[in-house]
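Student: I've got a structure open and I'm not sure how to read it. Could you walk me through some features?

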There are 2 protein chains.
Amino acid sequence: MSRTRIHNFAISLDGFATGEPQTLESPFGHAGQRLHAWMFATRWWDESGGEGVDNAFAQLHGPGIGAEIMGANKFGPPGWQDDPDWTGWWGPHPPFHTPTYVLTHRPRPSLEMEGGTTFHFLEATPAEALAVARKAAGESDVRIGGGPTVVREFLAAGLVDHMHVVQVPVLLGRGVRLWDGLESLEDTFAIESVSSPSGVTHLTFTRKG
Amino acid sequence: MSRTRIHNFAISLDGFATGEPQTLESPFGHAGQRLHAWMFATRWWDESGGEGVDNAFAQLHGPGIGAEIMGANKFGPPGWQDDPDWTGWWGPHPPFHTPTYVLTHRPRPSLEMEGGTTFHFLEATPAEALAVARKAAGESDVRIGGGPTVVREFLAAGLVDHMHVVQVPVLLGRGVRLWDGLESLEDTFAIESVSSPSGVTHLTFTRKG
């Protein structure tokens, strides 16, 4: 059975998954790289990196995934829809390697990139987008890639089977919160946590049988 | 040198230190006892309780403390100021055992309880209250007892030396947040975290030299 998974989703101690404002130069706003420094230090990201608990979690991102769904704000800075040449933040080799569905109110033609990533642009509800992505993924799982608004919508719609959140010990004070409107999420998920020597805490949410 | 400390301060995963509404029957609102179940299960709280990491942290609450400061909302439910007979939630033997300063805009005469607790009622800024409490504490430390609004005010005023926060894996969705307005707290505190088999994560904040 194909599952819907979230991996390496970083938030600050005060629950923000991105700072503000999001711009071309600063995709995470005033958060800069602070939410992802733990990830850049893993062997999964960089072959000179570490192989401890952070790496063990980080490398779960890819295996078994057959499609990704992301929000418009993950694909580009505000206004990217007005730039017909925008192809995402990631250059010619995006790190997705699967069909990747970008939720937007202004769809455009699909973009086939190198390395197996094809961006498709969809105006759809979470359930509709998941049905499309599942078909593309076949027996494999679908990853919800973020940002926080999209993750929250999929959680609120009861469409997530597994989520890995990384809580980073910084206080951003402002930005976009992950947790808003998700009261009692613990009723439907088993939550485990493990703190890492790097200072971050890994939280896993696994849907209860 | 007398320090200012916070202990066993529990918050939900989404950062709420109390639910809503706070009433005589439900001091933590819809949170019920969920934020403190980890504490009730420690040997420090109950002699049949456990002696693991939760107990190791919990029992740091008392030693070395010579006075406590608390907010009006910790002392009683909304409107307690209108009840001349209200003496706090804790019955005749409050668990503070020191002079305890209650911040309120409507001070009343001091209340001497059994077991060493005397409640004093102060209309004062955090810095003013701390000066009074330090004098009472002598060489000992002053504990900031909460609730979240008071903790936040003392943190924002730079008056806290050590803080122990316990993050409980529930999402309350509403209530009073601890973290609002504390951007970049990590600049002045070393933050460590350790997850407990009970499911909670202990976070310590120690003021940098």
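Student: Which residue of chain B comes closest to the rotation axis?

Tutor: First, some ground rules. This is a predicted model, where local features need pLDDT of at least 70 and side-chain atom pairs count only at pLDDT 80 or more, while totals for chains, interfaces and linings use all residues. Residues are numbered from 1 along each chain as its sequence is written, and chains are lettered from A and ligands numbered from 1 in the order in which they are written. Now your answer: B:Ser195, with its C-alpha at 2.8 Å from the axis.

Student: What rotation puts chain B on chain A?

Tutor: Copies are superposed by least squares on the C-alpha atoms of residues with pLDDT of at least 70 in both. Here a turn of 180° with 0.0 Å of shift along the axis does the job, with an RMSD of 0.0 Å. That's the relation of a two-fold axis.

Student: How many residues does each chain bring to the contact?

Tutor: Chain B brings 22 residues and chain A brings 22 residues (two residues are in contact if their C-beta atoms, placed from the backbone, lie within 7 Å). On chain B's side, strand β10 (residues 189-195) gives the most, with four residues. Strands here are DSSP runs of E, at least two residues, and helices are runs of H or I, at least four, numbered from the N terminus. Also, 100% of the interface residues of chain B are interface residues in chain A too, so the copies meet through the same surface.

Student: In what order do the strands of chain A's sheet come?

Tutor: Strands of a sheet pair through backbone hydrogen bonds, either parallel or antiparallel. To count as a pair, two strands need at least two bridges found by DSSP. In chain A, nine strands make an open, mixed sheet: β5-β6-β4-β3-β7-β1-β8-β11-β10. β5 (111-112) and β10 (189-195) of chain A are at the edges with a single partner strand each, so one side of each has no neighbour in the sheet. As for β1(A) and β7(A), they run parallel and are joined by two bridges.

Student: Which residues of α4(A) are buried?

Tutor: Buried means 20 or more other C-beta atoms within 10 Å of a residue's own, exposed means 12 or fewer, and partly exposed is in between, with C-beta atoms placed from the backbone. In α4(A), A:Pro126, A:Ala129, A:Leu130, A:Ala133 and A:Ala137 are buried. The face turned away from them carries the exposed A:Ala127, A:Glu128 and A:Ala131.
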